[in-house]
Amino acid sequence: GGSMNFEEISVVIPYIEVSTGRTGIGINLDAEQVASPRAFKTHACYDFCPKGAGKYLAVIRNPLDATPSMYTFMNGWVFRDGCVSPELYIRDFLAQAVGPVDIAKPTTFVYVIESWWKHREDDNVLLYFYEDMLEDLAGVVREVAEFIGCGAGNEELQKLVVKQASKEFM
C-alpha cells in the first residue's frame, strides 16, 4: 500500500461531482480502482451521496477556514484566475441561502454540514472535524482503519498513511 504512482488523486479516488457529465473530467466511476475497499470523494450533502452497503467518512471544517481554502482551490479552475476577488467569493459563499438544490448545482456549506450531522450516529457514518484531524492524525488514521476494516492493527501501514496524509507531504 501507499503507492504514489498516479498522475492525479482523482484517478485513484474519483471525485463524484466532477468525474462525469457536463462538468466531468472523464473519470468512469464504475472503473476498477487500485485498492479495496473502493473509495470516492465528494462535497455533496448526505442526500445526494450514492447509498448502498458502503461506509461514509464525513469531514466538517470551520466555514471561516474552509472558505478561503476553497477560493484558492476554485480560482483558476472553476473561474478564471483573478476574475473573482477573494472578498466577493467569501461574502457570496457564506451568504448563500440554506437548502439543497441538486447534485449538479452547489448547495450551501451549512446545509452540507447539517445533512451529515443528522447521520453522525449511524453505524456506517464516521464524522470528524478537520481541526481535530490536524491535532491527532495518527488517532484518526487508527479509527478510520477500524471503521473501514482496512489496515487495522497494521502499525507500519498506519505510519505510512499518517506520513502521506500530512500537510507537509501534500
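Is cysteine 49 buried or exposed? Keep that one in mind; it is settled in Exercise 2.

**Before you start**

You are working with a predicted model, in which local features need pLDDT of at least 70 and side-chain atom pairs count only at pLDDT 80 or more, while totals for chains, interfaces and linings use all residues. Residues are numbered from 1 along each chain as its sequence is written, and side-chain values use heavy atoms, with hydrogens and water left out.

**Exercise 1. Describe the overall architecture of the protein.**

Step 1. Take the secondary structure: helices (H or I, at least four residues) and strands (E, at least two) are DSSP runs, numbered from the N terminus. The protein has eight helices and two strands.

Step 2. Put these elements in sequence order, and the pattern reads α-α-β-α-α-α-β-α-α-α.

Step 3. Turn to the surface, with accessible areas from the Shrake-Rupley method with a 1.4 Å probe; for residues, only the protein chains shown count as cover. About 11,500 Å² is exposed, and carbon and sulfur atoms supply 56% of it.

Step 4. Now apply the burial classes: buried means under 20% relative accessible area, exposed over 50%, and partly exposed in between (1.4 Å probe, protein chains only). Of the 170 residues, 29% count as buried.

Step 5. Finish with contacts, meaning heavy atoms within 4.5 Å. Among those between residues at least 6 apart in sequence, 53% join residues at least 24 apart.

**Exercise 2. Work out the disulfide status of the protein and place cysteine 49.**

Step 1. Recall that a disulfide is a covalent bond between the sulfur atoms of two cysteines. The cut-off used here is a pair of cysteine sulfur atoms within 2.5 Å.

Step 2. By this rule the count is zero. Cysteine 49 is in no disulfide, and the nearest cysteine sulfur, that of cysteine 45, is 7.1 Å away.

Step 3. Here is the reply to the opening question: cysteine 49 has 7% relative accessibility and so counts as buried. Cysteine 83, with a relative accessible area of 44%, is partly exposed.

**Exercise 3. Show how the two strands pair, and explain why S2 is described as largely enclosed.**

Step 1. Two strands pair if DSSP finds at least two bridges between them. Strand S1 (residues 56-60) and S2 pair in the parallel sense over five bridges.

Step 2. Pick out one pair: isoleucine 60 has phenylalanine 129 in S2 as its bridge partner.

Step 3. Count burial in S2 (residues 125-129): four of its five residues are buried, so the strand is largely enclosed by the rest of the structure.

Step 4. Look at leucine 126, which is found in S2 and is buried, with a relative accessible area of 14%. Beyond residues up to four places away in sequence, leucine 126 touches Tyr56, Leu57, Ala58, Glu143, Val144 and Phe147. Its C-alpha is 9.6 Å from that of isoleucine 148, a residue 22 places away in sequence.

**Exercise 4. Examine burial in three helices.**

Step 1. In helix H5 (residues 109-117), the residues Phe109, Tyr111, Val112, Ser115 and Trp116 are buried. They cover an arc of only 165° around the axis (taken from the directions from the helix axis to the C-beta atoms), which puts them on the same side of H5.

Step 2. Move to helix H3 (residues 63-74), where threonine 67 is found. Threonine 67 is buried, with a relative accessible area of 1%. A polar atom of the threonine 67 side chain lies 2.6 Å from the backbone oxygen of proline 63.

Step 3. End with helix H8 (residues 155-164), which holds glutamine 158. Glutamine 158 is buried at a relative accessible area of 11%. Leaving aside neighbours within four places in sequence, glutamine 158 is in contact with Val141, Arg142, Ala145, Gly151, Ala152 and Gly153.

**Exercise 5. Characterise two residues outside the helices and strands.**

Step 1. Arginine 38 is found in the loop between helix H2 (16-19) and S1, and is partly exposed at 39% relative accessibility. Not counting residues up to four places away in sequence, arginine 38 touches Leu29, Asp30, Ala31, Glu32 and Gln33.

Step 2. Lysine 167 lies in the segment after H8 and counts as exposed at 57% relative accessibility. With residues up to four places away in sequence left out, lysine 167 touches Tyr130 and Leu134. The C-alpha atoms of lysine 167 and leucine 134 are separated by 8.8 Å, although these residues are 33 apart along the chain.

Note on methods:
A polar contact is a pair of N or O atoms within 3.5 Å; within protein, one must be able to donate a hydrogen and the other to accept it, and residues adjacent in sequence count only if both atoms are side-chain atoms.
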